[in-house]
Amino acid sequence: MTNGPILRVAINAPLSRLFDYLAPVSGQALPGCRIRVPFGRQTQIGMIMEVAAQSELPAEKLKRARALVDERPLLSDNDLWLIQFTSDYYHHPIGEVVASALPAALRQGKPRDTIIQKIGLTPHGAETDLDALCKRARRQGELLGIVRDAESISFTELDEAMPGWRRLRAGMIEKSLIEEFEVIDDSLSKGLANIEQETGPRLNSDQDTVLKSIREKSGFSSTLIDGVTGSGKTEVYLHLIQDELAAGRQVLVLVPEIGLTPQLVSRFRRRLGLEPEILHSGLSDTARLSAWRAARSGSAQLIVGTRSAIFVPLKNPGLIIVDEEHDSSLKQQEGLRYSARDLAVVRAKKLDIPVILGSATPSLDSLQRCHDGAYTYLQLPRRAGKAVPPLMRLVDLTRHDAYEGLSQPVIDAVEKTIAQDGQVLIFLNRRGFAPTLICTGCGNVAECARCDSRMTVHAGSNLLKCHHCGAQRGIDTECLECGSTCRPLGHGTERLEDALRSRFPGEVITRIDSDSTRLKGTMTRALAMATSGETRILVGTQMLSKGHHFPNLTLVVVINADQGLFSTDFRGGERLAQSLIQVGGRAGREERQGEVIIQTAFPGHPFWTELFSGGYARVAGSALAERQNAVWPPFSRLALLRASAVKREDAHRFLERARIMAEAADIDGVRILGPVSAPMERKAGRYRAQLLLQSRQRGCLHQMLDSLRISLEGSQEARKVRWSVDVDPIELF
Ligand code: ADP
Ligand code: ZN
Ligand code: ZN
């Protein structure tokens, strides 16, 4: 035992615990300040999570922290609370959670605030006879004159007003004519820009009811708005945001990766008359730091970001909105596997503010929480304005010939739409030319050398690419086994684009997928062309399916939905329905009615009956009933322990060991399934396996994970594998 004060510091390392240090020689070390500490042979920047009176460790084991990075806390108690919660709930090393929560520049020790260097007037400078000084030293007199007029002025302003002034600085400070000082820049707000504010449509009665019901609440509440695409959810958000801004509070809006479109941002800008701060993974370090600082200082009123924005500090938070709450990109799938949606609810509760979740296809988890009474359920069942819902129909692929994947009824519908000046969106969630390269002689298929997967043919770059590990090589002209010719089998977006070009020559056709939009600016341009109606046929992957509003679009074609029908994942049906409704929701968003055509080789599948008779609600209802019977989430909790290793045995041995430890922990009510190999066992040269833990009670599961994590961190078997814990996994591999 050693008496303190003892700093309990989170360090960016894969270890769960905090590290104790003696306070540095100077400065006041407070929770939320970054600090430089000796760690191993290096110095690291850590975050002070707590200041304790005592350490368990003997004095000779304790090292002294070197120096504070922040004189005053960078993170508030609420921010630290969220980090601690995230670390506990996801069983992830606390230092790594801190690292996820901070922009790179701050992890590396950049200052908390932007500092402005300024020159001010001293009492002596104020009394000095300016004319006399000008005669003695003209330039000094000139500078003093400027400083007197301004009282204080920044270095950059002086650079403009009087180039060369810096040479006079030291001399004049020496004579106490002027002084130098620093201030924190709090004028970061982009909101000051003079943006003309547009007024929106008058809310319809459904929207009014939803808005009223949310406004009636005070303090924490969580509300799910289940509103069909185009029902005016965003309009409701805009009113709620305006309320908060008028009250001087900040609003955080979370959107999925591909939901953060220029269209959405410009709508916020025009309607609210301010420039929202944007936070997403594509930003430069500088831009991210500046948005983060503006949110923290309170100068940013509205912050719109993708999942990691859930950690951004807010000086005066009033509301959190999670749009498209069902979207899987709100859950991080590597490293710290957190759900930004779930953390949004937790954070709002801690801050005692409302959180709004919105979707046209709510997740079953959120729907069940509404049934349980934890969330308030509100509905917008109709499209706003004049738009009517699109008509949906199936085309039976077994009864119609297809030309390059396009059935005759689809070709007819595309022709008719174009003749009527409409726009068509053709959706295929598979990029590249063809998913398979097959030998015409022996049937051999080109496979990735490092994964258990096939290589995708990319015609544009003339390469075979593995979509799982990124490996690529030239396209085999003849079979490596028998020497016969190879040919591409199946369809990807590239091939579909070619087919459409030869079937509809002269029409403007644009493909949008992650290959076609790799170059900066191409996505913006493609979207602008689609929005203006110049593009007649759009072909693309799920990048096209969400958030966009193409006024002219009347026909949506889904080329192949069948993969989703036979998914082994218990979320397969939910996902398929969501993706069909979302992409279908792009059709007919203005005056003209839209049409959605789905091609399937299994028109008799019960999924279609449900979808066509009762829409998403019916699919969701029966999926929930199935899950209740099978005790799958949301009726139970899952955690997945994943391991990968160069040798298959190492991954399995590690998980066997984990299983033994889990059983030994003797916690009732947790089922342990596995270990089993992952469905795609080998990826990027590593064998992957997993152990599934399931429980009806969250408490038991977490108790088990706590004990497991600690035992595994020190175990012999852990050295040969990479392993991770995924709490509430959304994909079971
Ligand atoms: P969602 O977010 O549910 O998809 P939006 O808020 O984007 O819906 O609204 C869809 C379209 O309907 C937009 O063009 C919007 O301007 C329009 N709209 C929304 N509410 C109304 C309303 N009350 N009256 C007329 N048009 C509306
Ligand atoms: Zn062959
Ligand atoms: Zn691969």
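**Two zinc sites and a helix pair**

Reply: In this predicted model, the zinc ion (ligand 2) has Cys439 (SG), Cys442 (SG), Cys479 (SG) and Cys482 (SG) as its protein donors, at 2.2 to 2.4 Å.

Me: What geometry does the site of the zinc ion (ligand 2) have?

Reply: The site is tetrahedral, and the angles among the four donor atoms run from 101 to 114°. As a reference, the ideal angle for four tetrahedral donors is 109.5 degrees.

Me: And how are the donor residues of the zinc ion (ligand 2) spaced in sequence?

Reply: The spacing is C-x2-C-x36-C-x2-C. Distant parts of the chain are linked here: Cys439 belongs to strand 21, while Cys482 is in the loop between strand 24 and strand 25 (486-489), 43 residues apart.

Me: Is Cys439 buried or exposed?

Reply: Cys439 has a relative accessible area of 4%, and because the limit for buried is under 20%, Cys439 counts as buried.

Me: How does Cys482 count, then?

Reply: Cys482 counts as partly exposed, with a relative accessibility of 40%.

Me: On to the zinc ion (ligand 3). Which residues coordinate it?

Reply: The zinc ion (ligand 3) is held by Cys448 (SG), Cys451 (SG), Cys466 (SG) and Cys469 (SG), at 2.2 to 2.3 Å.

Me: What about the angles and the sequence spacing for the zinc ion (ligand 3)?

Reply: Angles among the four donor atoms are 105 to 112°, and the site is tetrahedral. The donor residues follow the pattern C-x2-C-x14-C-x2-C. Cys448 lies in the loop between strand 21 (436-439) and strand 22 (456-458), and Cys469 in the loop between strand 23 (463-465) and strand 24 (472-474); the pair is 21 residues apart and links distant parts of the chain.

Me: How accessible are Cys448 and Cys469?

Reply: Cys448 is buried at 5% relative accessible area, whereas Cys469 is partly exposed at 22%.

Me: Changing topic: at what angle do helix 10 and helix 11 pack?

Reply: Helix 10 (residues 233-246) packs against helix 11 (residues 262-272) at about 50°, and the axes are 11 Å apart. That angle makes helix 10 oblique to helix 11.

Me: Is the crossing of helix 10 and helix 11 left-handed or right-handed?

Reply: The crossing is right-handed.

Me: Which residues make the contact between helix 10 and helix 11?

Reply: Helix 10 contributes Thr234, Glu235, Leu238, Ile241, Gln242 and Leu245. From helix 11 come Leu264, Arg267, Phe268, Arg271 and Leu272.

Conventions: Residues are numbered from 1 along each chain as its sequence is written. Chains are lettered from A and ligands numbered from 1 in the order in which they are written. This is a predicted model: local features need pLDDT of at least 70, side-chain atom pairs count only at pLDDT 80 or more; totals for chains, interfaces and linings use all residues. Side-chain values use heavy atoms; hydrogens and water are left out. Donors are N, O and S atoms within 2.8 Å of the metal (3.2 Å for Na, K and Ca); water is not among the atoms, so sites may look incomplete. Four donors count as tetrahedral if all angles lie between 85 and 135 degrees; four count as square planar and six as octahedral if opposite donors are over 155 degrees apart and all others between 65 and 115; anything else is irregular. Helices (H or I, at least four residues) and strands (E, at least two) are DSSP runs, numbered from the N terminus. Buried means under 20% relative accessible area, exposed over 50%, partly exposed in between (1.4 Å probe, protein chains only). Axes are lines fitted to C-alpha atoms, for helices over the stretch in contact, and angles run from 0 to 180 degrees between N-to-C directions. Angles under 35 degrees count as roughly parallel, over 145 as roughly antiparallel, 65 to 115 as roughly perpendicular and the rest as oblique. A crossing is left-handed if the near helix is turned anticlockwise from the far one by less than a right angle, and right-handed if clockwise. Contact means heavy atoms within 4.5 Å.
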